[in-house]
Every structure is written in C-alpha cells, then in structure tokens.
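Hi,

Here is the structure I promised to pass on. Have a look through it first, and my notes follow underneath.

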Number of protein chains: 2
Amino acid sequence: MKKSILIAILGGFISTQVSANTWQALPTTAPAPADNPTTAAKVELGKMLYMDPRLSSTGTVSCNSCHNVMEGGDDSRAVSMGVKGQTGGRSAPTVWNAAFYSVQFWDGRANLLEDQAKGPITNPIEMGMKDHDQAMGVIKSIPGYKAPFEKAFGKDSVNIVNAAKAIAAFERTLITPNSAYDRFVKGDKKALNKQQQKGMNKFAELGCNSCHSGAAFNGPKMETGTGFFQKFPTFANNSFVEKYKLTDDKGRAEVTGKKEDTNMFRVPTLRNISDTAPYFHNGSVATLDEAVRIMAKAQLNRDLSAQDTKDIVAFLGALGGEYPEITMPRLPASKGSTVIAD
Amino acid sequence: MKKSILIAILGGFISTQVSANTWQALPTTAPAPADNPTTAAKVELGKMLYMDPRLSSTGTVSCNSCHNVMEGGDDSRAVSMGVKGQTGGRSAPTVWNAAFYSVQFWDGRANLLEDQAKGPITNPIEMGMKDHDQAMGVIKSIPGYKAPFEKAFGKDSVNIVNAAKAIAAFERTLITPNSAYDRFVKGDKKALNKQQQKGMNKFAELGCNSCHSGAAFNGPKMETGTGFFQKFPTFANNSFVEKYKLTDDKGRAEVTGKKEDTNMFRVPTLRNISDTAPYFHNGSVATLDEAVRIMAKAQLNRDLSAQDTKDIVAFLGALGGEYPEITMPRLPASKGSTVIAD
C-alpha cells in the first residue's frame, strides 16, 4: 500500500472520528456504578420513592415535585419551592439524562446520582427532614415498602443507602433518545430542517460546543466525580450580568471555598432545553432566545444577530427527545399511623 | 298457580332484592351528566390538568397533590397543605369513586365533580389563584394545551368550564372495582375470610350500613345535588368528642348558615378506607381501629369490644379495590415565558 493511500485512509478515519466526537447521538442506556447495577426491581422501587411526598417533612414534596418527569424534568419555576413555601437560590436542573453527568448539582457537590438523591431529603428548605433516620423511619412505618425493598435488595434492606440506590437506578432510566438531532446524526438528513441545520453550524462556528459537547451537550465524557465546570459569566462587562444578577451566586466556590471556583458552574445539558424554561442557575431568564443571546455575550463575547439567535434556538429545539412512557407507581398506604413529621 | 306458591316466589324475589340493595358491588363505570359525556379526549386532557401544578399560583400544587391517585386518592395528611405551606381545617376526601357522590366536599357545597374541580384552584389556601381567569391565562400561555383542548371540545375552547369538565371526566374513570367484598357479593364465597364475614355481619347488625349503604358505602343513591348528610357526632357525650375536637367544625352549617345543619357532614365512602388514614373530616384520628370505635360510640352509642372492632376493620380491609393503572400524562412545556403567578 502506498503511503499516500494510507494517509488518505487514516485521514478519512480520523475525520470520521472527529465528526463522531463532535456530534453524538444520545445513548439509550446510561452507565451504572459497579456497586449498583440497574435491575427492574430497583427501578420500580426507585420510582415509588421518587414519587413519594412522604419523604418530606410535610408530606407534600417529592423528588418529582421539583424534577417533574411529567414535563421537562424540572418545575417551571425560577427557583424551586420546598416545604412550607420556602425557596432556595437555584433553579432545579432537569432529571432527564442526569445519568450522563460526571458530577451532580449546579456546583458539582455530589458525584453520583446515589449521592445526589440523599441531599434534598434533609435540606431544610427542600424536603425538610431532620435527618435520614427520620426519613427512613417514615418509609419503615409504611408496611407496603417492605416487599419492594426486599425484592430489590434482600432482607432488612430498608435504609437510606438502598433508598438512594433505588432512586438512582430509576433516574438512570430517564433518558430521552431519538430527537430530531439524534436521527440527523445517525444519517437521516431530513430530520433537521434548513434553519435547524443553519443553527447547528452556527452553534459549532461560534464555539458553543467547546463547552456544550458530547452526547448530552454537557461537556466531554469524564470520570465520575470529575466535573466539567465553566465560569459563568466569563465576560462580565455587559448589561445582562446586572440585569439577571448572574454573578450573585458564587457557584462552586460556595462548596470548595476556593477563590478560583467563583462563579464556576457545571456545564448543563442542552437536551430538551425547550422544555425547561426559565433558564440558568438562578432561573432568571424566561426565554430561550434571551438565554442564547446571553450565552453568546457572557461566554463568547459575541453579539448575536436576531437571525443567528433564531437559528440556534431552532437547532436547540431539535434536541427535544422522546420521553419514555411512565406508569404511575402505586404508593403503599400509611396504614394506621400518622407518618407526617411536620 | 296456587296463591301460596306465588307468595313463596314473590317472597324469594323480594328477599333477593333486599339483599342486592344491602350489599352491592361497585359499578365499573360512573354516570356522567348529560352535558358532559365522557370521551377519551376529555379524560386525557383532564388527566393533564389534574396533574399540572401550574394551575396553582406557585406552580407547586396540583389536584393530585392533595388527591394523589398514586395512593389512596388523598395526601396522608390530617388536613391538606396548599400553596406556601398553608393548611385548612379539613382532610382531603379521596378522589377514588368520588364519581358516585351526589354532592361534593365534606359539606356538600358543590353538586357535580365539574363544580368541585373549580373550587380549589381559586381557594387562597389551596391552589391560590386570584381567579379563574388567572388560572386559564396560565393554561393559555402553554402552547401545548391548545391541541388537547381542541380535540376534546373543539376550537377556541380553552376556558374554565371545559377545564373543569375535562377534570371531571378524568375523575369519573377513577373507580376501584373488584375488591374482595365485590367478588364475595357477586358469589365468590371464598373471597372473604371468616373474620371478614364476621365483621361484615357485625357491620350490618350494628347498623353501620344505615348510613354507609349502597355500592360505595356512602349512602343511598340520590339525585345529583341532593346530599346524603348525617350529624357527626350524633352522640356527643363521650370522651372521643373532646379528644378529637369532633364538634369544632360546624360542617354543612358553615355553608348554609342553618342551625339544623350544625355538624352535618356528607357520609363518606368506605371504599379503600384502609388506604386513607388519618380519618374524619378533620383528620384527627390516626388509625382505622380507633375510627371504628369512635363511629360506634358517636353514631350508634355503642361500646365496641376489641374483637368486634378487629372484625369490622378486617371487613373494611376487604373494601380495598383494584386501582387502575395510570400512565403519566405529558405536560406541555411552559415555552419561553414564566407562567408562575407567585
């Protein structure tokens, strides 16, 4: 084989690889950690726990309250509302495709979904339980939870570690494949219309995918616990920053205490982004158009034309995938005792 | 035919009729009013609206929050909690089989499910909307609601009347047939065990079914708008009344202003009663055992033995029916605008 041919072949191979890395379809299954392989029994139990508001002190807030799988996996609110009408400072990230993150929360303070699931239960302004013992005390007091825990984890297995594992297993099924974009990437060139393709090219040309890369548009694949963070805003000398209070939240620095983590946030997925208004860590921006304009200015120091904005928004619309059909779980009755803490 | 034979035949016929009236299986379909026949399109839209927390001012409280169809059709709380952690004075009645009531609410202040559905949306301590225009403004602002409304009701049909009709149509599908009791009544004599049959006889012998009669154990079949109310407590000279504050709530008198309606309440269904603790209009009683003891004392002036209580509770357990499988609706996205009122 002549050298030039070899180079041509390798060139073609490399170019295909690059392209595959740049535009990737969403996998239909998510990886699970070695100590928590996904099973049907865990998923079913996890769905029950995820939907059960009795995991909150008032019996009114479930995981699903803020990460509603009947819609975009969040709650349509700027910042979520927990027990007793309390609100925090951050917007609920979508649970859809959360399995494809290498860290959890806006500030990456948890590694696995298993770690994340435990947090809100004892957060005083979210689900408001005093501690995990109180939460699991409620679950233990509900006779009908015993069997599904046994089925998933064996005898005497009602505890917070297993509850979190089950919730994480359920969340790993929350994947939205087969968007127009995915079909396009897999070869159906009619899956995106002209404007969406224009937007896709503009998205790449501007460099949006230097951060929003990978199958979930949330950055490169990284080892669990290694977060892909970016400073937001990177360019703060624009009117958006004050208008939407973009620098008020110190981001990852509030967890690490490190100055260099100021305003660092996990790069969020763009999958189903049309369904998750309002936008950003503080939910301050109502429309996707405005969010796109802000990202161009605050991250790339570019003023987007109205047309480019529209085209990119059209492309982002093509990232809306197929939500799987979910049957409502049957939550066992609080037989014979009051289980509400507050 | 000799007269004596005729009498014997008639006698047998009448006795069968009486028995059929006393112990009735639950119908598998509920009657719908003439101006709102149930259709699949209405049921699907109604399910969406029923599950959508954006019908509340904070975007956090849906019909399902207090009448959760994933469990007993209520909320496991003594009294429900609406927007901003506010609580009212009454316990949420189960939505399961609510279609078999001739009036709605504990005090019967609404006739049809269509009327009931509108109430909580604008109740300041429940869903907290200023008025129905505000609520429907939110629904109109969500583009994805247009098509399901059109499918159910035709063009330009997004309004509160149709929203309530759709919710009511969905609620009419919330029926739990085929309980052990139903199978027993239909002839499967093994469907109830000995203790449950003992409890059933005791229930009748004591006269519980003088009020808790009919297929839903909520009284005789009556014309819509004609409520079957009873005074509770009827006998107030016992320690339960003070302990559980049973006379504090004036019941129907708070709606009618009539003295004779004091402490009058709609007789609630006993279907799935094991799944709806805590009990009574004020949710003050945690266990079914205690609720049964109180009913015997406060309504029939009888002190139940521990054994009779257990037997009746066992019988009531046999009133737990089959909950239909429900697929989660897909709630359309709040595209591009903030729809939360508060």
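One cut-off before the notes: a residue is called buried if 20 or more other C-beta atoms lie within 10 Å of its own. Please also keep in mind that this is a predicted model.

I'll start with helix α12 of chain B, residues 288-300. By that cut-off 11 of the 13 residues in α12(B) are buried, so the helix is mostly covered. The buried ones are B:Leu288, then B:Glu290, B:Ala291, B:Val292, B:Arg293, B:Ile294, B:Met295, B:Ala296, B:Lys297, B:Ala298 and B:Gln299. What do they pack against? Their partners are α9 (194-206), α10 (239-243) and α13 (306-317), again of chain B. The length of α12(B) checks out too: at 1.5 Å a residue its 13 residues should span 18 Å, and the end C-alpha atoms are 17 Å apart, which agrees. Just after the helix, B:Asn301 has a positive phi of about 55°.

Elsewhere in chain B, have a look at α2 (residues 40-51) and α7 (residues 160-171). Their axes come within 7 Å and cross at roughly 100°, which makes α2(B) roughly perpendicular to α7(B). On the α2(B) side the contact includes B:Val43, B:Leu45 and B:Leu49, while α7(B) brings residues including B:Ala166, B:Ile167 and B:Phe170. By class, this contact has 10 nonpolar, one polar and three charged residues.

Now for the two chains together. A turn of 180° with a shift of 0.0 Å along the axis lays chain B on chain A with an RMSD of 0.0 Å. That is the relation of a two-fold axis. Which C-alpha of chain B is nearest the axis? It belongs to B:Thr327, 2.2 Å away from the axis. Both copies use the same surface, as 100% of the contact residues of chain B recur in chain A. In numbers, 41 residues of chain B are in contact with 41 residues of chain A, and the chain B side splits into 18 nonpolar, 14 polar and nine charged.

One last spot, in chain A: A:Arg252 sits in the loop between α10 (239-243) and α11 (253-256). Is A:Arg252 buried or exposed? With 24 other C-beta atoms within 10 Å, it is buried. Setting aside neighbours within four places in sequence, A:Arg252 is in contact with A:Asp107, A:Gly108, A:Phe229, A:Asp261, A:Met264 and A:Phe265. Of these, A:Phe229 is 23 residues from A:Arg252 in sequence and 8.5 Å from it in space, C-alpha to C-alpha.

Cheers

Terms used: Residues are numbered from 1 along each chain as its sequence is written. Chains are lettered from A and ligands numbered from 1 in the order in which they are written. This is a predicted model: local features need pLDDT of at least 70, side-chain atom pairs count only at pLDDT 80 or more; totals for chains, interfaces and linings use all residues. Copies are superposed by least squares on the C-alpha atoms of residues with pLDDT of at least 70 in both. Two residues are in contact if their C-beta atoms, placed from the backbone, lie within 7 Å. Helices (H or I, at least four residues) and strands (E, at least two) are DSSP runs, numbered from the N terminus. The expected span of a helix is 1.5 Å times one less than its number of residues. A residue is buried if 20 or more other C-beta atoms lie within 10 Å of its own, exposed if 12 or fewer, and partly exposed in between; C-beta atoms are placed from the backbone. Ala, Val, Leu, Ile, Met, Phe, Trp, Tyr, Cys and Pro count as nonpolar, Asp, Glu, Lys and Arg as charged, and the others, Gly among them, as polar. Axes are lines fitted to C-alpha atoms, for helices over the stretch in contact, and angles run from 0 to 180 degrees between N-to-C directions. Angles under 35 degrees count as roughly parallel, over 145 as roughly antiparallel, 65 to 115 as roughly perpendicular and the rest as oblique.
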